[in-house]
Amino acid sequence: MPDDETGRSDTEEVDGRTVESTDVLVVGSGIAGCAAALGAARDGASVLVLTKASRPDDASTDWAQGGISTTRGDPASLKRDIIAASDGTADPNAVDVLVENADDAVTDVLLETIDVEFDRADGEFDYAKEAAHSTERILHVDASTGTHILRPFLRFIDDHDRIEVRDDTAVLDLLADDRGVHGVLTEKSSSGHPIYANATILATGGIGSLYSHTTNPPGSTGDGIAMAALADAEVADMEYVQFHPTAFAGDESRDARDPSNEATFLLSEALRGDGARLLNGDGERFMPSLHEDAELAPRDVVARAVAAERARTGEVVLDVSTLSEPFVEAFPNLASKCADRGVDGDRIPVAPCEHFLCGGIDVDDRGRASLDGLYAVGECARTGVHGANRLASTSLLEGLVWGLRAGEDAAALEAGRRARPDPPELRNSDPELPPRFAAEKFTRLRLTMDENLGLVRDPDDVRRAGGVLRRLKGEVDAYVRTRTSRDLYELRNAAVTAVLVARAASERPKSVGCHYVAEESNATVSADH
């Protein structure tokens, strides 16, 4: 096992094959993965962090804008807002875990350990308000909070004596048997490089690469969810794919029938919290007639309204002329991004865009999955906090709280408590993939997801999409059996995850939260849930 004083893994030769082992293995380097590594290392474990990211902005955390919610000393109020935004479906016990640990985790890690300099006004924290929040409670740094959290966090864990970080390293599969999960196979060798661990924590992020427009970084292919599902771990709530209502819409000029994945940026809900208004193509404000909270209604309600008004009037813009301060002064980073894209004036074109998966690998209050030795945290995990629709600025908080708890729990697992299985050898016997194989399959997958498993869903379309996606998965599986490459495994993971989304959506015939079934109503937007 690893040396007692460092986070370096132990290396040995087994039947002529190099294998490694460590106490706790973390897959992913966003806020949830960093928190898990920190939690485990603080409790004395040697930790190895593997990430396919090669730079900070490859992680979704780095793209997070609005901020991180706190309770401001009133956990009961935050709990009410989370459950209301979830359409009443959030697990109250999970929400209790979040709100009861929120402020301590933020103070301990973000303020005292990595010293994030959140925005202040008159010497006090400048708490913001976002959609479906009943009060100002969100800490932020301009509208680029994720960057200001993740980068110092990564530097901190990279310098930690008990943690080793390996970037640009893709995990291909879990090492699993009927006793649980024992580690992973990485791409280090063409036959798969085995790394054993007492505990494996998946923190692999979201599924944005399954859609043609997303706020996720490239490579968000549902890797952890797919690998866990293939190992027979339980997944839940996969139908709850959240679409953010105000992504920048100026990048939509390409042919919609060729949905190559394209990441865009958000116009943060902090803008609407500070007074920005949504106007349709006729220059009319439409949200007040649809929901009592107008532009600050829950995300699913606003997203459907924006989509409906775009279809009816041709466009929707976010009018930032009504902010408390000029746009360029209040949100300089966002103003710069808009200027770079040719936005001249105070009206910014917006559209709904895939943003966040509320479901994922089913875990308990410590991040433990249904398989022994496996944990999941962050967006790839289904903790129960979000239910059918996530409250704004709770994703970073959930990743932080569950990451710390999972890391602490994983560090307590006894070394060598289970016999480790012999690692399988992946095959790499066939020629390289046909030209554009992965690109063409991804295009087909994204077109299917966009048309049938997007913001508004029709049950018949969902069922047909399930058949298309299962056939596509079969085609990809045929290549995976005899070839080993990161691109191919990402495509496999995307196909598996897409099938899970379609299956879950087909099993829920009624609308709830961000799973909206069009057949129930002639309208495509609802003022309530």
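**Close-up views: figure legends**

**Lys510 counts as exposed, with a relative accessibility of 61%.** This view, like the others here, comes from a predicted model. Lys510 sits in the segment that follows α14 (486-506). To find your way around, look for Pro459: the two residues are 51 apart in sequence, yet their C-alpha atoms are 9.3 Å apart in space.

**Lys188 is an exposed loop residue, found between β10 (180-186) and β11 (193-202).** Its relative accessible area is 60%, and because exposed means over 50%, Lys188 earns that label. Which residues does Lys188 contact once its neighbours within four places in sequence are set aside? They are Glu20 and His193. Thr89 makes a handy reference point elsewhere in the model: 99 residues separate it from Lys188 along the chain, and the two C-alpha atoms are 42 Å apart.

**Phe248 and Phe265 form a stacked aromatic pair.** A pair of aromatic rings is described by the distance of the centres and the angle of the planes. By the ring-centre rule, the model holds five aromatic pairs. For Phe248 and Phe265, the ring centres are 5.1 Å apart and the planes meet at 15°, and because planes under 30 degrees apart count as stacked, so does this pair. The two rings come from distant parts of the chain, 17 residues apart: Phe248 belongs to strand β14 (residues 241-248), while Phe265 is in the loop between β15 (262-263) and α7 (269-273). Are these two rings buried or exposed? Phe248 is buried, at a relative accessible area of 5%, and Phe265 is buried too, at 6%.

**Phe437 and Tyr479 make a tilted pair of rings.** Here the centres lie 4.2 Å apart with the planes at 50°, so the pair is tilted. Phe437 is in helix α12 (residues 437-452) and Tyr479 is in helix α13 (residues 459-480), so the pair ties together parts that are 42 residues apart in sequence. The two partners can be told apart by their surroundings: Phe437 is buried, with a relative accessible area of 7%, whereas Tyr479 is partly exposed, at 24%.

**An aromatic cluster is formed by Phe118, Phe125 and Tyr127.** Arg120 joins this scene by lying over the face of Phe125, 4.1 Å from the ring centre. A similar theme can be viewed at Phe356, where Arg390 lies over the ring face at 4.2 Å from its centre.

**Helices α3 (residues 75-85) and α4 (residues 92-113) pack at an angle of about 135°.** Their axes are 10 Å apart, and the angle makes α3 oblique to α4. The crossing of α3 past α4 is right-handed. On the α3 side, the residues in contact are Pro75, Leu78, Lys79, Ile82 and Ile83. They meet Pro92, Val95, Asp96, Leu98 and Val99 of α4.

**Helix α4 also packs with α11, at an angle of about 85°.** What separates the two axes is a distance of 8 Å. The two helices are therefore roughly perpendicular to each other. Among the α4 residues in this interface are Ala94, Leu98, Ala102 and Val109. The α11 residues they face as a group include Leu397, Val401, Trp402 and Arg405.

**Helices α1 (residues 31-42) and α5 (residues 145-158) cross at roughly 30°.** Their axes come within 10 Å, and the angle makes α1 roughly parallel to α5. In this case the crossing is left-handed. Ile31, Cys34, Ala35 and Leu38 are the α1 residues in contact, and they meet Ile149, Leu150, Phe153, Leu154, Phe156 and Ile157 in α5.

**Asp115 and Ser393 have a positive phi.** Most residues other than glycine have a negative phi, and most peptide bonds are trans. For Asp115, phi is near 55°, and the residue lies in the loop between α4 and β5 (120-121). For Ser393, phi is about 60°. Where should you look for Ser393? This serine is in the loop between β21 (381-382) and α11 (395-411). Ser393 is buried, with a relative accessible area of 6%.

Technical notes:
Residues numbered from 1 in each chain as written. Predicted model: local features only at pLDDT ≥ 70, side-chain atom pairs only at ≥ 80, totals over all residues. Heavy atoms only, no water. Phe/Tyr/Trp six-rings, centres within 6.5 Å; stacked < 30°, edge-to-face > 60°. Helix = DSSP H or I, 4+ residues; strand = E, 2+ residues; numbered from the N terminus. Buried < 20%, exposed > 50% of the residue type's maximum accessible area, 1.4 Å probe, protein only. Lys NZ or Arg CZ within 6 Å of the ring centre and 35° of its normal. Axes fitted to C-alpha atoms, helices over the stretch in contact; angles between N-to-C directions. Parallel < 35°, antiparallel > 145°, perpendicular 65-115°, else oblique. Left-handed = near helix turned anticlockwise from the far one by under 90°. Contact = heavy atoms within 4.5 Å.
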